[in-house]
Amino acid sequence: MKLWQDKLRKIDPYVPGEQSDAPGLVKLNANENPYPPSPRVQAVLRETNAASLRFYPDANGTDLRAALARHFGLRPEQVFLGNGSDDVLALCFQAFFASGQPILFPDITYSFYPVWCDLLRVPFECVPVRDDFRIDPRAFDRPNGGVVFPNPNAPTSLGEGLDFIEDILRHNQDCIVIVDEAYIDFGGVSCLPLLEKYENLVVVQTMSKSRSLAGLRIGYALCSPTLAATLEAVKNSYNSYTLDTLALACGTASVEDDGYFRETCARIVATRDKTAEQLRAMGFTVLPSQTNFLFATHRTRSAKEVFEALKAKNIFVRYFSKPRIDNYLRITIGTPKEMEKLLSAMKAIL
Ligand code: PMP
């Protein structure tokens with residue numbers, strides 16, 4: 001062992017869903033969108049001249065922020081952009097969770113939260129979700145350095161309404177409350193209307209799921225101008241150009257094509273509800289999803305066993321070997337054809 005090895009950062013990183021482009025693979029493990037992005041995105045890529053890439057991108061993301069502000073009926077000063085919502089969330093943790101008091105998030109939730117806490121040395125406490133996996137709003141009624149949770153929650157797929165979010169905000173007015181709306185476009189209720197009333201609310205969304213742009217890495221926070229300016233200052237203290245030229249242009253094109261966005265989301269919701277029904281008929285308990293994935297457990301077969309059997313058939317879903325959820329599968333909604341393949345493989349396995 002060399003002495004310099006003692007000086008290296010030791011950390012357990014977040015492990016994303018396995019990526020693979022093996023032929024014939026049915027990839028239902030990373031909550032990606034099965035449809036291509038808006039044709040307008042394709043047009044931007046076709047028309048982009050590589051020569052323009054010698055310039056730095058617009059560090060303020062002026063056009064994309066304006067497009068998002070118009071889309072949501074907000075002011076551009078209320079929009080903060082990042083390299084995927086992971087980047088936005090990591091910056092939020094740095095910008096807003098600096099008090100030294102433990103922040104709170106559910107015990108069953110996006111597993112990146114504790115990783116950022118470790119990296120950024122933010123103390124945290126997990127609040128247990130109820131036996132039905134629903135978040136208990138009362139669990140956040142205690143002194144804390146901030147609150148963060150996804151709505152709908154992941155990997156449970158369960159969404160809550162506006163009253164529920166407002167209840168948490170009403171009881172947490174002296175800290176920043178982050179609502180991670182990564183999956184909001186698949187039937188959830190966004191808490192954006194609460195921004196007017198709660199200056200300490202930060203809503204984080206992504207173009208990775210509902211806008212089919214996971215590969216471009218575009219996320220954003222919607223919040224009060226004061227909080228957006230704080231995020232901007234923290235971002236500009238480590239990397240001014242988190243979004244590249246192509247991401248800015250394609251993101252803007254996507255936001256401006258509302259028709260395509262609504263249509264593809266509706267298709268995924270329809271496929272999801274049909275798949276849930278079919279899985280239930282096979283003996284699965286499937287939580288009522290408001291996302292582009294299903295969280296399911298089988299009456300008799302272990303999730304790990306089914307996960308591995310599916311993998312052997314070239315169908316990837318996600319399995320978490322974690323307390324409370326280690327008998328569940330998280331299944332991303334693909335095209336109707338992909339779901340048919342999943343269901344017939346499932347039938348054979350069961
Ligand atoms: N929040 C939640 C709850 C997620 O599941 C994900 C996807 N892994 C993200 C945020 C991050 O998504 P992205 O960085 O692609 O915007």
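Colleague: Why is the sulfur of Cys175 not in a bond with the one in Cys92?
Modeller: Because the two sulfurs are 13 Å apart, which is too far for a bond. Cys92 does hold the closest cysteine sulfur to that of Cys175. Bear in mind that this is a predicted model.

Colleague: And is Cys175 buried or exposed?
Modeller: Cys175 counts as buried, because its relative accessibility is 8% and the cut-off for buried is under 20%.

Colleague: How many disulfides turn up in the whole structure?
Modeller: Zero, after a search of the whole structure. Cys126, for one, is in no disulfide. The nearest cysteine sulfur to that of Cys126 belongs to Cys117, 8.4 Å away.

Colleague: Why does Cys126 count as partly exposed?
Modeller: Because its relative accessibility is 36%, and partly exposed runs between the 20% and 50% cut-offs.

Colleague: Switching to the ligand, where does it sit?
Modeller: In the largest pocket. There are 13 residues around the ligand, and those that come nearest are Ser85, Tyr183, Thr206, Ser208 and Arg217.

Colleague: Which helix gives the largest share of that shell?
Modeller: Helix 3, residues 84–96, with four residues.

Colleague: What about polar atoms, say from Ser208?
Modeller: Ser208 has a polar side-chain atom 2.6 Å from a ligand oxygen. Asp180 also uses a polar side-chain atom, 2.7 Å from a nitrogen of the ligand. With Asp86 it's a polar backbone atom, 3.0 Å from a ligand oxygen.

Colleague: How much of the ligand does the protein bury?
Modeller: 92% of the 400 Å² that the ligand exposes when taken alone.

Notes
Residues are numbered from 1 along each chain as its sequence is written. This is a predicted model: local features need pLDDT of at least 70, side-chain atom pairs count only at pLDDT 80 or more; totals for chains, interfaces and linings use all residues. Side-chain values use heavy atoms; hydrogens and water are left out. A disulfide is a pair of cysteine sulfur atoms within 2.5 Å. Buried means under 20% relative accessible area, exposed over 50%, partly exposed in between (1.4 Å probe, protein chains only). A residue is near a molecule or strand if one of its heavy atoms lies within 4 Å of it. A polar contact is a pair of N or O atoms within 3.5 Å; within protein, one must be able to donate a hydrogen and the other to accept it, and residues adjacent in sequence count only if both atoms are side-chain atoms. Accessible areas come from the Shrake-Rupley method with a 1.4 Å probe; for residues, only the protein chains shown count as cover. On a 1 Å grid over the protein atoms alone, a cavity is a set of points where a 1.4 Å probe fits but cannot get out, and a pocket is an open set with protein on both sides within 12 Å along at least five of seven lines; lining residues have an atom within 4 Å of a point. A molecule sits in a cavity or pocket if more than half of its atoms lie within 2 Å of its grid points. Helices (H or I, at least four residues) and strands (E, at least two) are DSSP runs, numbered from the N terminus.
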